[in-house]
Amino acid sequence: MSSREIAELLEARHDSVKRTIERLAERGVIGLPPTVEYLDTLGRKATEYQIGKRDSYVIVAQLSPEFTARLVDRWQELEAGQQLRLPTTAEAFASAFTMIAEHERRQVEQGQQIKAIEAKVAQVAQAHVALDKMPTDCESIVYIRKRMNKTYGLSEVVVDRVMRDTPYSPTIRALVKNQHVDADGAHYAGFAKKEVTAIFKRFVGECQMMSATMATHPFVEGRFKLTGKAGA
């Protein structure tokens with residue numbers, strides 16, 4: 001599967017997906033995949049990554065865990081006719097987060113603080129067990145968007161960019177079952193409120209105000225609305 005296909009599945013920008021792949025590879029969570037050239041819609045040469053199945057789950061878990069079911073469906077299409085058992089959405093999350101947890105355990109052996117890592121592993125363990133309801137100290141992306149809009153006037157586009165495509169993107173702390181009748185076993189991610197608050201306070205603090213209500217930031221293209229910097 002290519003990084004372009006993953007971007008299409010997630011309804012995300014291809015360059016954002018590629019940056020996430022590169023960051024995960026730099027951290028040693030996945031190996032840096034091979035690249036191939038293709039012609040974009042304007043006929044220009046561009047590159048895409050060729051991603052293996054296991055790494056694709058890690059990438060989607062980092063970017064947009066709510067789309068994992070789509071990824072499973074896509075692998076089923078790619079492997080049609082083969083006698084392979086594909087993982088369920090919950091199993092795919094478990095595999096991806098276990099891989100991340102194992103990587104961090106190896107870092108412990110290399111000298112990192114064991115208490116901090118054990119706490120992180122415990123959070124990861126909670127994240128790939130589908131819960132019936134959101135933990136009280138966590139919130140979904142829907143509530144994060146509303147809270148950051150109310151606090152800082154940030155749009156959904158900017159909030160999503162900070163959450164998914166910056167070096168300080170938060171860790172998924174919980175995976176919650178979607179209780180809607182037509183959800184068909186889907187899940188959505190929960191993020192720690194305290195961590196999200198700190199991340200956006202840092203982000204807003206780094207913003208450069210261009211006018212009373214418009215700002216810029218290195219990780220966001222163009223100007224965007226920001227009204228709460230004074231209180232950050």
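**Exercise 1. List the buried residues of helix α3 and say how enclosed this helix is.**

Step 1. The buried residues of α3 are D55, S56, Y57, V58, I59, V60, A61 and L63. Here, buried means under 20% relative accessible area, exposed over 50%, and partly exposed in between, with a 1.4 Å probe and protein chains only. Helices (H or I, at least four residues) and strands (E, at least two) are DSSP runs, numbered from the N terminus.

Step 2. Helix α3 spans residues 53–63, and eight of its eleven residues are buried, so the rest of the structure largely encloses it.

A word on the model before going on. It is predicted, so local features need pLDDT of at least 70 and side-chain atom pairs count only at pLDDT 80 or more, while totals for chains, interfaces and linings use all residues. Residues are numbered from 1 along each chain as its sequence is written, and side-chain values use heavy atoms, leaving out hydrogens and water.

**Exercise 2. Describe the protein chain as a whole.**

Step 1. Count the elements: the chain has nine helices and nine strands.

Step 2. Look at burial: of the 232 residues in the chain, 45% are buried.

**Exercise 3. Find the residues at the heart of the largest nonpolar core, then follow F224.**

Step 1. A nonpolar core is a set of buried Ala, Val, Leu, Ile, Met, Phe, Trp, Tyr and Cys residues joined through side-chain atoms within 4.5 Å. The largest one has 23 residues, of which I144, L154, F200, F203 and F224 touch the most other members.

Step 2. At least two residues of this core come from each of α7 (141–152), α8, β6 (187–192), α9 (193–206) and β9. The largest share, five residues, is from α9.

Step 3. Now take F224, leaving aside its neighbours within four places in sequence: F224 is in contact (heavy atoms within 4.5 Å) with residues including L154, V158, F203 and M214.

Step 4. There is also a second, separate core of 17 residues, with I30, Y49, I51 and V60 among them.

**Exercise 4. Work out what lines the second largest pocket.**

Step 1. The volume of this pocket is about 460 Å³. Of its 20 lining residues, R13, S16, V157, D160 and R161 are the closest to its centre.

Step 2. Helix α8 (156–164) and strand β9 (220–225) each supply at least two lining residues, and α8 gives the most, with five.

Step 3. Sort the lining by type: eight residues are nonpolar, three polar and nine charged.

Key
On a 1 Å grid over the protein atoms alone, a cavity is a set of points where a 1.4 Å probe fits but cannot get out, and a pocket is an open set with protein on both sides within 12 Å along at least five of seven lines; lining residues have an atom within 4 Å of a point. Grid points are joined across faces, edges and corners, and a volume is the space filled by probe spheres set on the points. Ala, Val, Leu, Ile, Met, Phe, Trp, Tyr, Cys and Pro count as nonpolar, Asp, Glu, Lys and Arg as charged, and the others, Gly among them, as polar.
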